Structure formats: structure tokens, C-alpha cells
Amino acid sequence: IPFSMDHDDTIGNGIAFCPNLHRAFDYGLITIDSNYTVIVSEKFSENNSKYSIRQFDNKKLILPHNKLFEPRIEAFEWHNENVFEKNLF
């Protein structure tokens, strides 16, 4: 959930991405479901390459050993409802 909306800067409301995946997440091209699995929008197309975002489709996140550091499912649910596939061209 964007900090600008709820001012939550705790670990559970964040996830570390490389710049390309960060933009894809922010633009709603990818999301993460309640099983911590990456979902790439079917509406998104790209050239097939070793750098493609589609390679992450249906891959599970590797979670921290300490549950206190896991991203919150509620934050991903918010993203799924409010961002995923909402702003696609």
C-alpha cells in the first residue's frame, strides 16, 4: 500500500524489487497472490528474452526465515484490488 496513502513504512508493507520489477508492480503488470506467488498479467506482452518479466510468472517468493519480516498478505490483496491490471494501456 503506497506510503502516501496510509503512512505505513513497516517491513510488512514493503518488498524489495529490482527497478524493472518495481515499475512492473507499480504499473499493475505483476502482482503477488495470497500464496506469495508472482502473477504476470495476461494483458502484458513483451518480446521473449532472458530478461523478460514473464519468466517470473507463477514463481513463489522466497520468504525470510523470520515471519516478522514477511510482506503482509493484506498489502498484496490491496494491490490486487486497486492496482493490478487497472492502468494497463
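**Salt bridges and a nonpolar core**

Glu70 and Lys67 pair up in a salt bridge, with their closest N and O atoms 3.5 Å apart. Keep in mind as you look at it that this is a predicted model. The two partners sit in rather unlike surroundings: Glu70 is buried, at 14% relative accessibility, whereas Lys67 is exposed, at 65%. As a bit of background, side chains of opposite charge can pair when their charged atoms come close.

How many salt bridges turn up when the whole structure is searched? The search finds three. Let's move on to Arg72. Arg72 forms a salt bridge with Asp8, and here the closest N and O atoms are 3.2 Å apart. Now look at where these two residues lie. Asp8 is in the loop between α1 (3-6) and α2 (19-26), while Arg72 is in the loop between β2 (38-40) and α3 (73-82), so this pair ties together parts that are 64 residues apart in sequence. Asp8 has 17% relative accessibility; the cut-off for buried is under 20%, so Asp8 counts as buried. Arg72, with a relative accessible area of 27%, is partly exposed.

Arg72 has another partner too. Glu74 forms a salt bridge with Arg72, with 3.9 Å between the closest N and O atoms. Glu74 is partly exposed, at 49% relative accessibility. Put the pieces together and you get a network of salt bridges that links Asp8, Arg72 and Glu74.

Now for the nonpolar side of things. In soluble globular proteins, nonpolar side chains tend to be buried together. In this model, the largest nonpolar core has 14 residues, and those touching the most other members are Ala24, Leu29, Ile30, Val40, Phe44, Ile53 and Phe76. Which elements give two or more residues to this core? They are α2, β1 (30-32), β2 and α3. Of these, α2 gives the most, with three residues.

Ile30 is a handy place to stop and look around. Setting aside its neighbours within four places in sequence, Ile30 is in contact with Leu21, Ala24, Phe25, Ile39, Val40, Ile53, His79 and Phe84. Some of those names should ring a bell: Ala24, Val40 and Ile53 are, along with Ile30 itself, among the core residues that touch the most other members.

Key:
Residues are numbered from 1 along each chain as its sequence is written. This is a predicted model: local features need pLDDT of at least 70, side-chain atom pairs count only at pLDDT 80 or more; totals for chains, interfaces and linings use all residues. Side-chain values use heavy atoms; hydrogens and water are left out. A salt bridge is a side-chain nitrogen of Lys or Arg within 4 Å of a carboxyl oxygen of Asp or Glu. Helices (H or I, at least four residues) and strands (E, at least two) are DSSP runs, numbered from the N terminus. Buried means under 20% relative accessible area, exposed over 50%, partly exposed in between (1.4 Å probe, protein chains only). A nonpolar core is a set of buried Ala, Val, Leu, Ile, Met, Phe, Trp, Tyr and Cys residues joined through side-chain atoms within 4.5 Å. Contact means heavy atoms within 4.5 Å.
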